[in-house]
Amino acid sequence: MDQLNAIEKRAALALALVFATRMLGLFMLLPVFALYGSELVGYSPLWIGLAIGAYGLTQAILQIPFGWLSDKIGRHKVMLLGLALFAAGSVVAALADSVYMVTFGRILQGAGAIAGAVLALAADLTRDEQRPKVMAIIGASIGLSFALAMILGPLLAKWAGLSGVFWFTAVLACCAMLIVALLVPKSVSKAPVAETLAVPATLLNMLKHRQLLQLDIGVLLLHLMLTAMFVALPLLLSQYQLAAEQHWQVYLPVLVASFVLMVPMMIIAMRRQQEKGYFLVAISLLIIAMLLAYIATDLWWLIAALLLFFTGFNFLEASLPAMVSRVAPAGQRGSAMGIYSSSQFFGAFAGGIIGGLVAEQFSFLMVFAVLAGIGLIWLLIARTMLVPARAQRLSLAVQVTSEQDASALAGQLAALSGVQEVTILLAEQRCYLKVSSQQFDLAQARSLVGTGQP
C-alpha cells in the first residue's frame, strides 16, 4: 500500500467495499437456504438448488455485455445500474412466499453483473506497475466476504428469517451504491481495453485455446462443487444436532484453518516451481473431502472433510485466475478473463441444478458422492495441463500507420531479450507485451516504439 498514490489507495478500498458488500449478499444465502427454504410454497430439493445457483445464470450471460456497456456509457453508470438490479432482486426475494419468486429474485440479483466494470475501473485508476496490488486487494475482499457470510447468514436467518437475509442484502446494495456515488474516484482516462475487457473479435479464439479451456472448465467445476455442496451441507450439519444459528461455529474455524494451510502450499508451489503438482494435490483434496463427507459417521469427520475441501478450494481459487492471466496471449487478457468469469458463474448455476436433482432423486448425502466423481473427472482433465512460465504484462503506446509497420515493429520487439509475446493493435495504437521481468529491458522497448511513456 505504501507505493500506491492517494487515488489508487482510495480506488482499491472503495472498489473492494463495493465488491465485498455485493458478494456478501450473494453468499449469505448458501449456509441457510436449504434449512429455511422448507417454509416456502413449492419447496423441493430441486428448487432449493435452483434458487441457490440461479444468480449464476444471469451473471454468466451478462458479465461480458455489462463490461462492454461500461466502456460505452461509463463505469459508474453501469455499476449503479447493476447494484440497483441487485437491490431490486433482493427486495423481490424478501417479499416472496414461494420458492419460485425467490428464484426469480436471485435471477434478478445476478443480472447486476458488475464485476467486469469494477475491474475495468480499477485498471483505469491505477498505474501499470501498481495495478496487480489493487486487483489483489479487490480479490481478497471476495474471500473475506465469503467468510463473513458464513457467520452472518445463519445468525441473521435465526433472528429475522429468510426474508431478513434478503432485506439485509438490499440494504448492502444501497450502501454499495452510495460508495460508488460518493467514494469511488471518477476516472479521467481508460486503461488499454484489450487487457481489461473482452474484445468480441477474440472471444472465439479464447474458446479454442486448449490451456485456457482447461482452466475455464476447472473454475466451472470448482464453483459447481461449492454450490452443490451447500444444497446438502446445512441439512447434514443439522442432523448432527447442531442448531442453524450454531453452524457458523463450524464454518469460521474451518475457513481460518484452511487459509492457514493453504498459504504454505502456495509458497512451496511457487518457490519449488511445482505449481502443477500442488494444483493436482488441491483437486485431490476436494475429492477426498467429498468422499469423507459421504461416509462421515459423526460431526468431527464432517468438519475434517470441510477443512480438506476449503484448503483445496482456497488454493485453486487463488491459482486459477493467476494461471489464466499468464496463459492469455498478449493483448487478449480481457477476453480470457471475461470467459473465465462467465464460466465461474455458470458453474454456480450448474451446481445448484445438479445438487438439487441428485438430492431430489436420491438423497442429500448422495450429492457428496456425485461431487467426488466430478472432482475425479477434473483431476483427469488437469493432468494434461501445462503451467506457463511466469511473465510480466506491459502495454506501450505506439505510432504505426499500417499493418506492415506494425509487423516490422513487432519483429523488432520480439527480438529483444526477455520478450515472450508481442501483439500490436492498430485500432488502439498500443503494443502489448509478455516479458520475463528478469531479462527484459523496458528502456530498449520504449526506444523502439518511439515513446518515453507506457
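1. Confidence. The protein chain has a mean pLDDT of 90, and 97% of its residues reach 70 or more. Please keep in mind as you read on that this is a predicted model. Confidence within the chain is lowest in helix α8 (residues 193–196), where the mean is 72. At the other end of the scale, helix α15 (residues 366–382) has the highest confidence, at 97.

2. Salt bridges around Arg75. The structure holds 4 salt bridges, and a good place to begin is arginine 75. Its side chain meets that of aspartate 71 in a salt bridge, at 3.2 Å from N to O. Arginine 75 also forms a salt bridge with the side chain of aspartate 124, here at 2.8 Å, N to O. Aspartate 124 belongs to helix α6 (residues 115–124) and arginine 75 to helix α4 (residues 75–95), so this pair ties together parts that are 49 residues apart in sequence. Are these two partners buried or exposed? Arginine 75 has a relative accessible area of 4%, so this residue counts as buried, the cut-off being under 20%. Aspartate 124 is buried too, at 8% relative accessibility.

3. A pair between strands. Which residue does glutamate 421 meet in a salt bridge? The partner is lysine 434, with the side chains 3.8 Å apart, N to O. Glutamate 421 sits in strand β2 (residues 419–425) and lysine 434 in strand β3 (residues 430–435), so the bridge ties together parts that are 13 residues apart in sequence. As for accessibility, glutamate 421 is partly exposed at 28%, whereas lysine 434 is buried, with a relative accessible area of 5%. Returning to the bridges of the previous point, shared partners join Asp71, Arg75 and Asp124 into one network.

4. Cysteines. If you are wondering about disulfides, a search of the whole structure finds 0 of them. Why is cysteine 174 not bonded to cysteine 175? The sulfur of cysteine 175 is the closest cysteine sulfur to that of cysteine 174, but at 7.1 Å the gap is too far for a bond; a disulfide would need the sulfur atoms within 2.5 Å. Cysteine 175, likewise, is in no disulfide, and its nearest cysteine sulfur is that of cysteine 174. Cysteine 174 is partly exposed, with 42% relative accessibility. Cysteine 175 also counts as partly exposed, at 36%.

5. A nonpolar patch. For anyone looking over the surface, Leu178, Leu182 and Leu183 deserve a mention: they form a nonpolar patch there, and together have about 320 Å² of accessible area. Leucine 182 is part of helix α7, which covers residues 131–182. This leucine has a relative accessible area of 62%, so it is exposed.

6. Methionine 135. Helix α7 also contains methionine 135. What does this methionine touch, leaving aside its neighbours within four places in sequence? Its contacts are Leu119, Ala122 and Ala123. Methionine 135 is partly exposed, with 26% relative accessible area. Leucine 299, by contrast, is not at hand: the two residues are 164 residues apart in sequence, and their C-alpha atoms are 38 Å apart in space.

7. Two glutamines with positive phi. Most residues other than glycine have a negative phi. With that in mind, have a look at glutamine 241, where phi is near 60°, a positive value. Where is this residue placed? Glutamine 241 lies in the loop between α10 (210–239) and α11 (248–271), and counts as exposed, with 70% relative accessibility. Glutamine 273 has a positive phi as well, near 55°. Its place is in the loop between α11 and α12 (275–295). Glutamine 273 is exposed, with a relative accessible area of 70%.

Technical notes: Residues numbered from 1 in each chain as written. Predicted model: local features only at pLDDT ≥ 70, side-chain atom pairs only at ≥ 80, totals over all residues. Heavy atoms only, no water. Buried < 20%, exposed > 50% of the residue type's maximum accessible area, 1.4 Å probe, protein only. Patch = residues over 30% accessible without salt bridge, like charges linked within 9 Å, V, L, I, M, F, W, Y side chains within 5 Å. Areas by Shrake-Rupley, 256 points an atom, 1.4 Å probe, with all protein chains shown as cover. Helix = DSSP H or I, 4+ residues; strand = E, 2+ residues; numbered from the N terminus. pLDDT = per-residue confidence, 0-100. Contact = heavy atoms within 4.5 Å.
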